[in-house]
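Biologist: I am new to this one, and I would like to ask how its labels are earned. Could you show it to me?

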Amino acid sequence: MLSRLVKENILALKPYEIKDIPCRVKLDANESPYGYVFEERLLEGFKPNRYPDPQAMGLKRVLAKQLNVKAENIVYGNGSDELIYYITMVFGGPVMVLQPTFAMYEIVAKVLGEETISVALDGGFDIDVDRVVETINKEKPRIIYISSPNNPSGNAFERERIIQVINAATGVVIVDEAYIAFSSVEGFINAHYENVIVMRTMSKIGFAALRMGFAIGYERLIAEINKVRLPYNVNTLSQELAMRALDNPYFINHTVEKIVEERRRLYETMRGLHGIKVYPSEANFILFKTKSAKDIYASLLRQGILVKKLGGALEGYFRVTVGTPDENEFFLRTLREITGNV
Ligand SMILES: Cc1ncc(COP(=O)(O)O)c(C=O)c1O
């Protein structure tokens, strides 16, 4: 019956489940451990009878000033996840992804019935330019996603390699800079490549609950994305709170600094543990690998610590989000104990 009613490509999909696993210390989703406390009186006088500003002009103006672009260069989404939908609708497939990377690029392409092409990153998790260029010439992808810093490996790709891909591309290149606040690399906003759209999100810097993501690029490309954007895709409260958050750079800068400092400490400590291989990170999480992967995940969870267990080509690898100093200390102590590093 289902096969008569549901589209074939949807039937073939496995649901993208985000399990709500109870835990004391949540280090699995790359959120910030620091939440800004909005003033209660923000809600006083808020009347929800009218639709939100369909252009989010106030918010776009604040962001445009900070990024040194025009409001016309920005389109916003209900998280960058929604923008991935819009981008895939507008530009179509084949969609090229560099694996391992953020799962949503491929998932959305499949939902929308677009062909996907995977090219593996090299042994150091950087772009294998020769293979990418060869595949571009053969398959002519209409979208190439580059997550830099990359989730889940944590490294930022060498700028020159990204530029080589941009120059070889036959379609748009989406540079997903979700984690750039935690890195020391220069981004691609204002890099002036006509075929590049940069994605940013507020989710990793303390505002995941607002669901606010941005795509920034040439006005003409952004205008096309705006054609498929649902008119009221981000609600009034999220628009207002996001505007206030961006207007208060102290909170974001200060918490990002604390996370980067803690990432350094986590990395240095984990590097000294036997039986664990840890990878350098420019993001708010760290990739690591252990021999007895199954036991370690379960043992951490028994102590109330939730990390992300990776699969596929990254079987045996984990991604741990940088938490508060106390959370990280608890994670390190538990990891030391269960790996016999005491
Ligand atoms: C690389 C990357 N891009 C985008 C997102 C999604 O961000 P948002 O919360 O804005 O939808 C994530 C979330 O984990 C991510 O890792």
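Modeller: What follows is a short talk about salt bridges, exposure and the sheet. This is a predicted model, in which local features need pLDDT of at least 70 and side-chain atom pairs count only at pLDDT 80 or more, while totals for chains, interfaces and linings use all residues. Residues are numbered from 1 along each chain as its sequence is written, and side-chain values use heavy atoms, with hydrogens and water left out.

Biologist: Why is the contact of E39 with R41 called a salt bridge?

Modeller: A salt bridge needs a side-chain nitrogen of Lys or Arg within 4 Å of a carboxyl oxygen of Asp or Glu. The closest N and O atoms of E39 and R41 are 2.8 Å apart, so the pair meets that rule. The rule gives a count of 16 salt bridges.

Biologist: What makes R41 exposed or buried?

Modeller: Buried means under 20% relative accessible area, exposed over 50%, and partly exposed in between (1.4 Å probe, protein chains only). R41 has 57% relative accessibility, so R41 counts as exposed. E39, at 42%, counts as partly exposed.

Biologist: How do you know that R211 and D81 form a salt bridge?

Modeller: Their N to O distance is 3.6 Å, and that fits the cut-off already given. R211 lies in the loop between α8 (203-207) and β8 (213-216) and D81 in helix α4 (residues 79-91), so the pair ties together parts that are 130 residues apart in sequence. Helices (H or I, at least four residues) and strands (E, at least two) are DSSP runs, numbered from the N terminus.

Biologist: Where do E224 and K227 lie?

Modeller: Both are in helix α9 (residues 219-228), 3 residues apart, which is about one turn of the helix. Their side chains meet in a salt bridge at 2.9 Å, N to O. K227 is exposed at 61%, whereas E224 is partly exposed at 34%.

Biologist: What makes β2 and β4 edge strands?

Modeller: Two strands pair if DSSP finds at least two bridges between them. Here 7 strands form an open sheet with mixed pairing, in the order β2-β8-β7-β6-β5-β3-β4. β2 (74-77) and β4 (116-120) each have a single partner strand, so one side of each is left without a neighbour in the sheet.

Biologist: How do you know that β5 and β6 pair?

Modeller: Strand β5 (residues 143-147) and strand β6 (residues 172-176) share 5 bridges in the parallel sense, so the requirement of at least two is met. In one of these bridges, I144 has V173 in β6 as its partner.
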